[in-house]
Amino acid sequence: KTVVMVTHDLDEACYLADKILVLSKRPGQIKKLVKVSTKYPRKKSYRVSNQFVKVKKKVWNLISNK
C-alpha cells in the first residue's frame, strides 16, 4: 500500500516517511528525494536519535537554500 502525505511539518515528515520529496519554489518541481532508512516500527525515541537529526538537517538544508 502507498500513502502520499503533504505536510509542512519537518518533524512529522522525518518521523513518518520512508521517502521525502522536497519541492522547489514555483513552479513546483521535485528538487530532491531523501530516503529514510530507519525501519518500522519507529519508537518515540527515534525522534532524538542521530539518524533522525541527520535526516532532518538534510531536509532542512534543502528547503532553506534559495
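This tour moves through a predicted model, with a selection to make at each stop and a note on what is found there.

**The largest pocket**

Begin with the largest pocket, which holds about 1,100 Å³ of space, and select Met 5, Thr 7, Ile 20, Leu 21 and Val 22, the residues nearest its centre among the 31 that line it. If you then colour the model by secondary structure, you can follow how helix H1 (10-16), strand S1 (19-23), strand S2 (30-35) and helix H2 (50-64) each supply at least two residues of the lining, with the largest share, 5 residues, coming from S1. Colouring the lining by class instead gives 17 nonpolar, 6 polar and 8 charged residues.

**Met 5 and the surface patch**

Keep Met 5 selected, and note that Met 5 sits in the segment before helix H1 and is partly exposed, with a relative accessible area of 43%. Add Val 3, Leu 16 and Tyr 40 to the selection, since together with Met 5 these residues form a nonpolar patch on the surface, whose accessible area comes to about 430 Å². Met 5 therefore appears at two stops of this tour, being partly exposed, a member of the patch and one of the residues nearest the centre of the largest pocket.

**The two salt bridges**

Next, display the charged side chains and look for the 2 salt bridges that the structure holds. Select Asp 11 and Lys 56, whose closest N and O atoms are 2.7 Å apart; because Asp 11 belongs to helix H1 and Lys 56 to helix H2, this pair ties together parts that are 45 residues apart in sequence. Both partners count as partly exposed, Asp 11 at 27% relative accessibility and Lys 56 at 30%.

Now move to Asp 18 and Arg 42, which form a salt bridge with their closest N and O atoms 3.4 Å apart. Asp 18 lies in the loop between H1 and S1 and Arg 42 in the loop between S2 and H2, so the pair ties together parts that are 24 residues apart in sequence. Buried or exposed: which word applies to Arg 42? At 9% relative accessibility Arg 42 counts as buried, whereas Asp 18, at 44%, counts as partly exposed.

**Ser 45**

For the last stop, stay in the loop between S2 and H2 and select Ser 45, which counts as partly exposed at 48% relative accessibility. A distance label drawn from the C-alpha atom of Ser 45 to that of Val 4 should read 24 Å, for a pair that is 41 residues apart along the chain.

Conventions:
Residues are numbered from 1 along each chain as its sequence is written. This is a predicted model: local features need pLDDT of at least 70, side-chain atom pairs count only at pLDDT 80 or more; totals for chains, interfaces and linings use all residues. Side-chain values use heavy atoms; hydrogens and water are left out. Patches are made of residues with over 30% relative accessible area and no salt bridge: like charges are joined within 9 Å, nonpolar side chains (Val, Leu, Ile, Met, Phe, Trp, Tyr) within 5 Å. Accessible areas come from the Shrake-Rupley method with a 1.4 Å probe; for residues, only the protein chains shown count as cover. A salt bridge is a side-chain nitrogen of Lys or Arg within 4 Å of a carboxyl oxygen of Asp or Glu. Helices (H or I, at least four residues) and strands (E, at least two) are DSSP runs, numbered from the N terminus. Buried means under 20% relative accessible area, exposed over 50%, partly exposed in between (1.4 Å probe, protein chains only). On a 1 Å grid over the protein atoms alone, a cavity is a set of points where a 1.4 Å probe fits but cannot get out, and a pocket is an open set with protein on both sides within 12 Å along at least five of seven lines; lining residues have an atom within 4 Å of a point. Grid points are joined across faces, edges and corners, and a volume is the space filled by probe spheres set on the points. Ala, Val, Leu, Ile, Met, Phe, Trp, Tyr, Cys and Pro count as nonpolar, Asp, Glu, Lys and Arg as charged, and the others, Gly among them, as polar.
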